[in-house]
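The exercises below concern the contact between two chains. Work each one from the structure before reading its solution.

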Protein chains: 2
Amino acid sequence: MKLEVNRHSATPIAQQVEAGIRAWIEVHGAGGGRRLPSIRHLATTHHISRNAVIEAYERLVASGLVRSRPGSGFYVADSAAALVSQPAATSGLEEVTNGLWGLFSANEHTLKLGCGWLPSDWREGDDLTHAIRQVARKSRSGIFEYSTPQGPQDLRGLIQERLRPLAITADAQQIVMTGGGSHSLDLLVRMLLEPGDVVFVESPGYYNLFGLLHLQRIRVIGVPRLADGPDIERLEVLLAQHRPKLFYINSVFHNPTGSTLTPAVAHRVLQLAELHDLQIIEDDIYADFQHTPTTRLAALDGLNRVFYLGSFSKSLSSSLRVGFIAAPPEQVQRLVDIKMLTSISASRFAEQVVTTLLQNGSYRKLIERLRIKLANQMAVALTMLKNAGWEVYTQPAGGMFVGKTTGSNYP
Amino acid sequence: MKLEVNRHSATPIAQQVEAGIRAWIEVHGAGGGRRLPSIRHLATTHHISRNAVIEAYERLVASGLVRSRPGSGFYVADSAAALVSQPAATSGLEEVTNGLWGLFSANEHTLKLGCGWLPSDWREGDDLTHAIRQVARKSRSGIFEYSTPQGPQDLRGLIQERLRPLAITADAQQIVMTGGGSHSLDLLVRMLLEPGDVVFVESPGYYNLFGLLHLQRIRVIGVPRLADGPDIERLEVLLAQHRPKLFYINSVFHNPTGSTLTPAVAHRVLQLAELHDLQIIEDDIYADFQHTPTTRLAALDGLNRVFYLGSFSKSLSSSLRVGFIAAPPEQVQRLVDIKMLTSISASRFAEQVVTTLLQNGSYRKLIERLRIKLANQMAVALTMLKNAGWEVYTQPAGGMFVGKTTGSNYP
């Protein structure tokens, strides 16, 4: 590999190396598994510092284009195919999931970047334990029976109430309970897309979704994520080139940049969606960490072409597996059918535990405490990053993510 | 519709009418939604009794070919397309699931035929409640964290032990925890099949699977289920005509006939599978109701081309959503990858509750009591059916199902 490196350019060497490797992958094929030159080799042959190469590789790894295999070197990731806009390959899924997999098996001392999990010592057990014991004691159907196809009516009513402050007017009949955010995404991908369809995602974005789309043989195109939401200019250009069926957006406290959609960008996104007959998945699983509600696509659109996703995995418990979709009314029945065919039902027990915590007010108090804690820790993290000379992508108003523009992704 | 009815034939009129309507659907297209003649119309125009027409329609409804809409009449079911061996259509899933749906929303007084659910007053709450409280009290990770990708090691070890009396030698590394039997089926269908592939199923068979295969655009061919397992002669004929990738078999206490696979048929099925390079899903979710183990395909085959499915939904709790797949070793990683991409993880809490009950011996005692109860009730049911003049398909040795050859499917 021979990269063009200009020592007199205003562009830092690391960024030139990154761009060079990215271009090389696009030209030489992004099928995955191909080994890339070692740090030492690139530094020596190009007469540049090893730190510049390390930084370039770390950025490529963070972007999902390159995979690091400890003790062995760097390889083109299988997910690279999706990221450079070619039809997704159908094999080698293990490559896509390896990164995540490691983190799921990792111990509590591993820093789990991009995962959006609360530290285990932040988890407050008392209310949850109490609710679990209460359901176990009081509800025979809760511990034994399948849930109803759409999920319990009372729980959907409580979620309807929770969406009201976000100005999302969803009837309980429009809400379908699921087994968490990933399950929601899977149901929607199966309902809305065919193999070969084009989907726009935000770049950087949610890694596991790229793998899911790859599994379903969807063509994935990345739209750059800016501090105020997706890059509208770029979105317009891409819409002129492609005919996507769907756009996936993480509106608030975006993973991994921490940025939040502004009203103006939300409005433009919906105008373009209307013009190009595009459906939207608004993934809002970090919603409960937000103190003062900001604009949601689902609120502007009135759940017309937007499917809105929520979850209790990030705030309350990742173990219970409870999430939901608020859907356009005419899509609900088909969504429920696909849910039944593929899983029969969600866990009635878990749903009743969440219902209990929503009803008795514990959940509201829990997330109020979490918001304050997260805001405090975000301030500390931003100060530390600033002192270490790192530039951040945006100053998040809350949530769990802060993105960087330079420096290492690793501690 | 003009049916051939021969009053002097040895074949009962009802069966002639059934065969006639079935042929009519095959000839006129099984796209679904088409209205069929009323009971009165058919009886009048063919000079036959209304009871014969009613019985024919009831058998067609039970087979999934025809759908009854109360107050409106009979219609070709959308699932009919799959049942008459044409490529599955892609719309109208709601038709496939309507039957099941009603039962999930029905109250406790509705007789839920073909569902395999224990009556709610048979459910014993004490041990389960105790285990739930114990996990809630003792395990922070149990109530809060995602599970591991494959499921907890200790639980998989306990399942390995439970498979030993069935002569299934699966290492814990070959076992993947899932969110129940339907989730297991969905994962395997996605891993093993492409749209347009052919799958053999038993006929009659598990209704929800037909809908799932329909959703995934799989071509479904029915192999008649006899009292000793699938009809081997017919299987050989069908294998000469089609190139199926997969054969789905409910080996023990088959839903809905109650029949159990014999060793000789199991052996022949595996020989044919070898010859035609066919993979097999052995759905054994009623295994724990069997007192004396009989031959399993997974035992003969050594988990080479057989995927073995188990579940705790039928015996312990349908609410917790815990099942498993024992898979050929080289297929495990990909199965886990697809599980992660589509649902991230199963419920660690539910898995720990099941682990607790397996470890402390409560589960073993629970299913021993259930086996005795089911055997007693089966004897009572068989006597009642005999006294009512009904002929049963086979005399089940246990389990929850008894099939009929004549008479009504409704109480």
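**Exercise 1.** Which side chain meets that of A:Arg217 in a salt bridge?

*Solution.* The model is a predicted one. Start from the rule: a side-chain nitrogen of Lys or Arg has to lie within 4 Å of a carboxyl oxygen of Asp or Glu. The partner of A:Arg217 is B:Glu194, with an N to O distance of 2.8 Å. Next, take the count for the pair of chains: 4 salt bridges between chain A and chain B. Polar contacts across this interface come to 28 residue pairs, both residues at pLDDT 80 or more.

**Exercise 2.** Describe the side of chain A that touches chain B.

*Solution.* First, list the helices that each supply at least two residues; among them are helix 5 (93–105), helix 9 (181–192) and helix 15 (348–359) of chain A. Second, find the largest share: helix 14 of chain A gives 9 residues. Third, sort the residues of this side into 23 nonpolar, 25 polar and 17 charged. Last, turn to the whole contact, which takes 65 residues from chain A and 65 residues from chain B. The two chains bury about 5,800 Å² between them, with 57% of it on carbon and sulfur atoms.

**Exercise 3.** Analyse how helix 10 of chain A packs against helix 14 of chain B.

*Solution.* Begin with the axes of helix 10 (residues 207–215) and helix 14 (residues 332–343): they come within 8 Å and cross at roughly 115 degrees. The crossing is left-handed. Then identify the residues: A:Asn208, A:Gly211, A:Leu212 and A:Leu215 meet B:Ile338, B:Met340, B:Leu341 and B:Thr342. By class, the residues of this contact are 5 nonpolar, 3 polar and no charged.

How values were computed:
Residues are numbered from 1 along each chain as its sequence is written. Chains are lettered from A and ligands numbered from 1 in the order in which they are written. This is a predicted model: local features need pLDDT of at least 70, side-chain atom pairs count only at pLDDT 80 or more; totals for chains, interfaces and linings use all residues. Side-chain values use heavy atoms; hydrogens and water are left out. Axes are lines fitted to C-alpha atoms, for helices over the stretch in contact, and angles run from 0 to 180 degrees between N-to-C directions. Helices (H or I, at least four residues) and strands (E, at least two) are DSSP runs, numbered from the N terminus. A crossing is left-handed if the near helix is turned anticlockwise from the far one by less than a right angle, and right-handed if clockwise. Contact means heavy atoms within 4.5 Å. Ala, Val, Leu, Ile, Met, Phe, Trp, Tyr, Cys and Pro count as nonpolar, Asp, Glu, Lys and Arg as charged, and the others, Gly among them, as polar. Buried area is the accessible area (1.4 Å probe) that two parts lose on being put together, summed over both. A polar contact is a pair of N or O atoms within 3.5 Å; within protein, one must be able to donate a hydrogen and the other to accept it, and residues adjacent in sequence count only if both atoms are side-chain atoms.
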